[in-house]
Amino acid sequence: MTTLDYPVWLRVDHWLNVLFLTLLLRSGMEILATHPKLYGHDDSKPGTEWARFTRKVMPRDRLYDTLDEEEDYHPVIALPGHAQLGIGRHWHFISVIGWILLGLSYYILLFATGQWHRYWPYSFFGSVRNAYWATALSFGIIGAIIAIHWAATSWSHHSPRSVQRVLGAVTTGARLLLLRPLNSRQNYPQSKISEQHRVNGKPPTSIGFKVMAAHNFVDWRLRVGGLVENPVTLDLAALRSLAEPETQCVMHNCVQGWTSIAEWKGLHLGRLVELVRPLPQAKYICFLSMQDNSTDEPASHGGGQFYEVIDLEFARKPQTLLAYEMNGVPLPIKHGAPLRLRVETQVGFKMTKWINQIEFVEDFAGIGFGTGGWREDRVFYDKDVEI
């Protein structure tokens, strides 16, 4: 019987596997740091986690949000470390893609070269003629892997925008190809509604907002304009009267990793699009919030007015709402009153809360830092975050 030695491609695949797995572990630690708790159920109710990796104790006498629970892990543990979830996600998903492609190459070459005859290797070196050289080579490869980790961490800290641009181009392309065609058709029973839906983002603290809230938002106005034939300004009653409301009981998926289930009621975004009639050059919808992170969210990574941009095509997807009710009652202030966006094929940060302005635009390069949203600008997230 022929003795099979380990070919070069197999040895390379094994070491690339080590590289991708370690990148996945370190970037996974960065993702875990942003919400360092694990749950065995969907509602992520505070205090019900089965594992926690934080010593923080949240206050009981004031509103806190999930950003307050975020931890700052050292770069030795996390990639890139120091509470940079956006960059961590880029490294995590690029590593996932690389690891999957590596696995495909492994199985193709396994059968193409006849190595499938040896299903379980006894040695990673096969027939070793010189143990000293084999050991030295192994340490050299391990050193190269450590060097790649160091370079990835250094690049992430010194030029996060280029990491966002380069890695995001690959991961965004994969998401758009595989996930963008999917539609959300969730319909959870009311018995599954979370007892305590987590809060992500603190409400506006301006005097104007507080006065509007004290008067049940009767003075609130929604301005809709930009590249449209029929710009409008609507109060809450006029918005409600545009069409029969839609209701959806869905799971909220936060970029931090926690989930909650709630019932939302509101106007399908497509109805508003039909009313204002976007011009042919309009490609995106920009939602502007009354939240100013310079004063409203001390735990955020920077200041300025919160906004997010989505592609116009989302207005034609099911379960894309401008929500004004939650769980059968008017939308609570902490969850975005008087109006918030729901896009159930995206993670939570894209669903702008405390909306008072909507603009239809051809390009978003001139809005904020030009990356498609406040979190994309400040925390280097991807604009397209399909789930």
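Which residue in β12 is the bridge partner of arginine 223? Keep that one in mind, everyone, and I'll come back to it once we've reached the sheet.

Good morning. What we have on the screen is a predicted model, so please take everything I say today in that spirit. Let me start with the overall picture. The protein chain has 387 residues, and buried residues make up 50% of them. The chain contains 8 helices and 12 strands. Taken along the principal axes, its C-alpha atoms fill a box of roughly 85 × 50 × 45 Å.

Now, what does the record say? UniProt, in an unreviewed entry, annotates residues 91-112 and 132-152 as "transmembrane region". In the model, residues 91-112 are 100% helix and 0% strand, with the end C-alpha atoms 31 Å apart. Residues 132-152 are likewise 100% helix and 0% strand, and here the end C-alpha atoms lie 30 Å apart.

The other annotation I'd like to show you, also from an unreviewed UniProt entry, is "domain: Oxidoreductase molybdopterin-binding" at residues 218-362. That span is 9% helix and 43% strand in the model, and its end C-alpha atoms lie 32 Å apart.

Before we go into the strands, a quick stop at the aromatic rings. The count comes to 7 aromatic pairs. Trp9, Tyr106 and Tyr107 form one aromatic cluster. There is also a charge over a ring: the charged end of arginine 175 sits over phenylalanine 93, 4.9 Å from the centre of the ring.

On to the sheet I promised. It is an open sheet of 5 strands, and if you read across it the order is β4-β3-β12-β7-β8, with mixed pairing. At the edges are β4, residues 232-234, and β8, residues 305-311, each of which pairs on one side only. On average, neighbouring strands here are turned by 15° against each other, direction ignored.

As a reminder for anyone who spends more time at the bench than with models, strands of a sheet pair through backbone hydrogen bonds, either parallel or antiparallel.

Let's walk across from the β4 edge. β3, residues 222-226, pairs with β4 in the antiparallel sense over 3 bridges. The two are joined by a hairpin of 5 residues, and valine 224 stands opposite valine 232 of β4. On to β12, residues 355-361: this strand runs parallel to β3, and 4 bridges join them. And here is the answer to my opening question: arginine 223 has glutamine 357 as its bridge partner in β12. At the other edge, β7, residues 284-292, runs antiparallel to β8, with 6 bridges between them. Look for isoleucine 285 there, whose bridge partner in β8 is isoleucine 310.

While we're in this part of the chain, let me point out alanine 238, which is in helix α6, residues 236-240. Is alanine 238 buried or exposed? Neither, quite: buried would need under 20% relative accessible area and exposed over 50%, so alanine 238, at 25% relative accessibility, counts as partly exposed. The C-alpha atoms of alanine 238 and leucine 222 are 9.8 Å apart, with the two residues 16 apart along the chain.

Next comes β6, residues 259-268, a mostly covered strand with 9 of its 10 residues buried. β6 pairs with β5, residues 246-253, in the antiparallel sense over 8 bridges, and histidine 252 has serine 260 as its bridge partner in β6. The hairpin of β5 and β6 has 5 residues between the strands, and in it glycine 257 takes a positive phi near 110°. β6 also runs antiparallel to β9, residues 320-326, and 5 bridges join those two. Along that pairing, glycine 266 stands opposite alanine 323 of β9.

My last stop is helix α7, residues 269-276. Its buried residues are Leu269, Gly270, Leu272, Val273 and Val276. Why do they line one face of the helix? Seen down the axis of α7, these buried residues fall within an arc of 160°, so one face is where they sit. Just after α7, arginine 277 takes a positive phi of about 55°.

That's my tour. Thanks for listening, and I'm happy to pull up any of these residues on the screen.

Methods: Residues numbered from 1 in each chain as written. Predicted model: local features only at pLDDT ≥ 70, side-chain atom pairs only at ≥ 80, totals over all residues. Heavy atoms only, no water. Buried < 20%, exposed > 50% of the residue type's maximum accessible area, 1.4 Å probe, protein only. Arc of directions from axis to C-beta. Phe/Tyr/Trp six-rings, centres within 6.5 Å; stacked < 30°, edge-to-face > 60°. Lys NZ or Arg CZ within 6 Å of the ring centre and 35° of its normal. UniProt positions renumbered as here; feature names shortened; annotations may be inferred. Pairing = 2+ DSSP bridges. Axes fitted to C-alpha atoms, helices over the stretch in contact; angles between N-to-C directions.
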